[in-house]
Amino acid sequence: MNKYETIDLMEVANNGAAPPNCDITLQIKPVSAKDGKAKGIWEVDEKFLNGLGVTMGGYLASAADIMMAYAISSQLQENQTFASIDLHTTFHRPVFPGTVEVHASVERLGRKVGYLTAELVQNDKKVGSAVSSIMIIEK
Ligand SMILES: CC(C)(COP(=O)(O)OP(=O)(O)OC[C@H]1O[C@@H](n2cnc3c(N)ncnc32)[C@H](O)[C@@H]1OP(=O)(O)O)[C@@H](O)C(=O)NCCC(=O)NCCSC(=O)Cc1ccccc1
């Protein structure tokens, strides 16, 4: 398994380097990460549907968690790594197979904790939002 430093995640988001396994599994592609903001494109297909015919909510949480990792990585130093320590997700509308944009932002960067939000949009409508705290760890 390849291990990624934060600088490697920036190469994924901004220069097309090969993504980590979880991105491939979820079918999410980061397209930019800079100055605490990250954007990803998530291709949702039938494998993400629950028994009710809509995308299972945990996958939305995963998409938000992944893109918030890129957002915080864009503001960390080379001697720092991170771990998400909580994640609250709200499901505003059902998500169907198609494309979902995921926008993540660092709202505040503390010395030890970053405070982040994410918004998920399908067909120009907000389908979900998430809030997370991410621990900053000195290597
Ligand atoms: C329905 C409600 C919960 C509440 O809505 P309200 O407060 O009444 O709000 P409002 O009237 O403003 O409508 C807003 C939007 O809501 C939708 N919509 C509303 N009514 C209907 C309807 N009768 N039929 C169909 N859709 C309806 C519609 O898109 C509408 O959009 P629009 O504004 O027209 O463009 C909505 O927030 C929602 O669907 N959230 C997503 C929930 C979700 O997908 N959760 C994750 C999956 S569950 C899971 O994973 C657990 C599990 C695991 C394993 C196995 C099984 C389960």
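Select V106 and L116: V106 stands opposite L116, a residue of strand β5. The model on screen is a predicted one.

**Strands β4 and β5**

Now widen the selection to two whole strands. Strand β4 covers residues 98–109, and eight bridges join it to β5 in an antiparallel arrangement. Look at the place where one strand ends and the other begins: β4 and β5 make a hairpin, with three residues between them.

Stay on β5, residues 113–122. Is this strand mostly covered or uncovered? Mostly covered: of the ten residues in β5, seven are buried.

**A104**

Go back to β4 and pick A104, which belongs to this strand. Its relative accessibility is 1%. Because a residue counts as buried when that value is under 20%, A104 counts as buried.

Which residues does A104 touch, once its neighbours within four places in sequence are left aside? Show G36, K37, A38, M67, M68, A71, T117 and A118, since these are the contacts of A104. Then draw a distance from A104 to V131: the two C-alpha atoms are 9.5 Å apart in space, and the two residues are 27 apart in sequence.

**Strand β2 and its partners**

Next, select strand β2, residues 37–44. Colour A38, G40, W42 and V44 in one shade; they make up the covered face of β2. Colour K37, K39, I41 and E43 in another; they make up the uncovered face. In a regular strand, side chains alternate between the two faces of the sheet.

β2 pairs with β4 over eight bridges, in the antiparallel sense. To see one of these positions, select W42 and its bridge partner in β4, V100.

Another partner of β2 is strand β1, residues 28–34. Six bridges join β1 to β2, and the two run antiparallel. Select K34 to find a residue that stands opposite K37 of β2. β1 and β2 form a hairpin with two residues between the strands, and D35 there has a positive phi near 50 degrees.

**Strand β6**

Move on to strand β6, residues 125–138. How many bridges join β5 to β6? There are ten, and the strands run antiparallel. Two positions to select are T117, which stands opposite V131 in β6, and V113, which stands opposite M135 in β6. The hairpin of β5 and β6 has two residues between its strands, and N123 in the turn takes a positive phi of about 50 degrees.

Add strand β3, residues 80–91, to the view. Eleven bridges join β3 to β6, again with an antiparallel run. T90 is the residue to pick here, and S129 in β6 is the one opposite.

**S132**

While β6 is shown, select S132, one of its residues. Is S132 buried or exposed? S132 is buried, with a relative accessible area of 2%.

Show the side chain of S132 and the backbone of D86. A polar atom of the S132 side chain lies 2.7 Å from the backbone oxygen of D86. With neighbours within four places in sequence left aside, the contacts of S132 are M68, S84, D86, L87, G114, Y115 and L116. L116 is the residue of β5 where the tour began, opposite V106.

**The ligand**

Finally, select the ligand and show what surrounds it. The residues around the ligand are N50, L52, V54, T55, M56, G57, F91, H92, R93, P94 and K125. How many residues of this shell are nonpolar, polar and charged? Five are nonpolar, four are polar and two are charged.

Three short distances can be drawn from the ligand to the protein:

- From G57, a backbone N or O atom lies 2.8 Å from an oxygen atom of the ligand.
- From F91, a backbone N or O atom lies 3.0 Å from a nitrogen atom of the ligand.
- From K125, an N or O atom in the side chain is 2.5 Å from an oxygen atom of the ligand.

Taken alone, the ligand exposes 1100 Å², and the protein buries 36% of that area.

How values were computed
Residues numbered from 1 in each chain as written. Predicted model: local features only at pLDDT ≥ 70, side-chain atom pairs only at ≥ 80, totals over all residues. Heavy atoms only, no water. Near = heavy atom within 4 Å. Polar contact = N/O pair within 3.5 Å; in protein donor to acceptor, adjacent residues only side chain to side chain. Areas by Shrake-Rupley, 256 points an atom, 1.4 Å probe, with all protein chains shown as cover. Nonpolar A, V, L, I, M, F, W, Y, C, P; charged D, E, K, R; others polar. Helix = DSSP H or I, 4+ residues; strand = E, 2+ residues; numbered from the N terminus. Buried < 20%, exposed > 50% of the residue type's maximum accessible area, 1.4 Å probe, protein only. Contact = heavy atoms within 4.5 Å. Pairing = 2+ DSSP bridges.
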